[in-house]
Amino acid sequence: MQFDIDLGGGTAVVVLVAILAALAYLPLTYRDKTLWHSALKTVPVAVFAGSAAVQGAPGLLVAGLALSALGDWALSRPFERAFMAGLVSFALAHLCYFGLFIGLVETWRILPVILLIGFALSSELWLAPFTGHMRWPVRVYVGLICAMVAAALSLPDLFRLASVGALLFMASDLILALQMFRMSPDTKRARWAGYALWTLYILGQMTILFAFVGVKPHG
């Protein structure tokens, strides 16, 4: 099956604004967390959420995007409470996406489910021991994103773009986990990790949006 992206003029402008904001934020991923930094980081996915709402997208999609935008703001602030608020916001976003996807699943694909369970369990070796007092919140988060991706990978072909988007989203979260808990923040590797996770994250959110808005399958 192939897909044609068919965005109306207004939607195309909105998506362009979001992409330009995301590109403008890219070099700031490793800078000090100022209010300007936070505002710019929040714009792209907030714009996606607004666009989805205006076009009558499913409420769970709009909620997932809006909660993600709130998480972007929170994670960009230099406070531990803000980090926890961001973690909760993204966990709720994954729950929204899971609810959206599971309602469309006709048959579960067993192999991806098994692989994702294995990935979640493996995080007890390479991630959990390094998370300190954040261990249980991180464990819950890992479980939620794996459940969301499992549902996404079991979607019918009509929503295959959402499967791709969910994988990109998970890849960005994987890099974020390594950056936060396994890398020194003042290294070139951490800087490039920031570029990669932001790019994958925006592409993931945009692809999930396109799976429900502005894309027509054919073939």
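**Close-up 1. D157 and R160 pair up in a salt bridge.** At 44% relative accessibility, D157 counts as partly exposed, because the range for that class runs between 20% and 50%. Its partner R160 is partly exposed too, with a relative accessible area of 23%. The closest N and O atoms of D157 and R160 are 3.0 Å apart. Please keep in mind, here and in the views that follow, that this is a predicted model. How many salt bridges does the structure hold? There are two, and the next view turns to the pair of E124 and R139.

**Close-up 2. E124 meets R139 in a salt bridge between two helices.** The side chains of E124 and R139 come together at 2.7 Å, N to O. This pair links distant parts of the chain, with E124 in helix 5 (residues 110–126) and R139 in helix 6 (residues 135–153), 15 residues apart. Is E124 buried, partly exposed or exposed? E124 counts as partly exposed, at 32% relative accessibility. R139 counts as partly exposed as well, at 23%. As a reminder, side chains of opposite charge can pair when their charged atoms come close.

**Close-up 3. Helix 2 carries a kink at V43.** Helix 2 covers residues 35–54, 20 residues in total. From its first C-alpha to its last, helix 2 reaches 27 Å, close to the 28 Å expected at 1.5 Å a residue. Where does helix 2 kink? The kink, of about 35°, lies at V43, shortly before the proline P44. Several residues of helix 2 are buried, among them K41, T42, P44 and V45. Further buried residues in helix 2 include H37, F48 and S51. Just after helix 2, G56 takes a positive phi of about 75°.

**Close-up 4. V15 of helix 1 faces V47 across a C-alpha distance of 7.6 Å.** V15 lies in helix 1 and counts as buried, at 6% relative accessibility. V47, one of the buried residues in helix 2, is 32 residues from V15 in sequence but 7.6 Å from V15 in space, C-alpha to C-alpha.

**Close-up 5. Helix 1 also contributes to a nonpolar surface patch through L23.** Which residues make this patch? L16, I19, L20 and L23 do, and the patch has an area of about 360 Å². L23 lies in helix 1 (residues 9–25). L23 is exposed, with a relative accessible area of 52%, because the cut-off for that class is over 50%.

**Close-up 6. Helix 4 and helix 6 meet around V88 and V140.** V88 lies in helix 4 and is partly exposed, with a relative accessible area of 45%. V88 and Y141 are 53 residues apart in sequence, while their C-alpha atoms are 8.4 Å apart in space. V140 is found in helix 6 and counts as partly exposed, at 47% relative accessibility. V140 and A91 are 49 residues apart in sequence and 8.3 Å apart in space, C-alpha to C-alpha.

**Close-up 7. The largest nonpolar core holds 58 residues.** Which members touch the most other members of this core? They are L61, L65, F101 and F212. The elements giving two or more residues to the core are helix 1, helix 2, helix 3 (59–75), helix 4 (80–102), helix 6, helix 7 (160–181) and helix 8 (188–212). Helix 6 supplies the largest share, eleven residues. For context, nonpolar side chains tend to be buried together in soluble globular proteins.

Notes:
Residues are numbered from 1 along each chain as its sequence is written. This is a predicted model: local features need pLDDT of at least 70, side-chain atom pairs count only at pLDDT 80 or more; totals for chains, interfaces and linings use all residues. Side-chain values use heavy atoms; hydrogens and water are left out. Helices (H or I, at least four residues) and strands (E, at least two) are DSSP runs, numbered from the N terminus. The expected span of a helix is 1.5 Å times one less than its number of residues. The bend at a residue is the angle between axes fitted to the seven residues ending there and the seven starting there. Buried means under 20% relative accessible area, exposed over 50%, partly exposed in between (1.4 Å probe, protein chains only). Patches are made of residues with over 30% relative accessible area and no salt bridge: like charges are joined within 9 Å, nonpolar side chains (Val, Leu, Ile, Met, Phe, Trp, Tyr) within 5 Å. Accessible areas come from the Shrake-Rupley method with a 1.4 Å probe; for residues, only the protein chains shown count as cover. A salt bridge is a side-chain nitrogen of Lys or Arg within 4 Å of a carboxyl oxygen of Asp or Glu. A nonpolar core is a set of buried Ala, Val, Leu, Ile, Met, Phe, Trp, Tyr and Cys residues joined through side-chain atoms within 4.5 Å.
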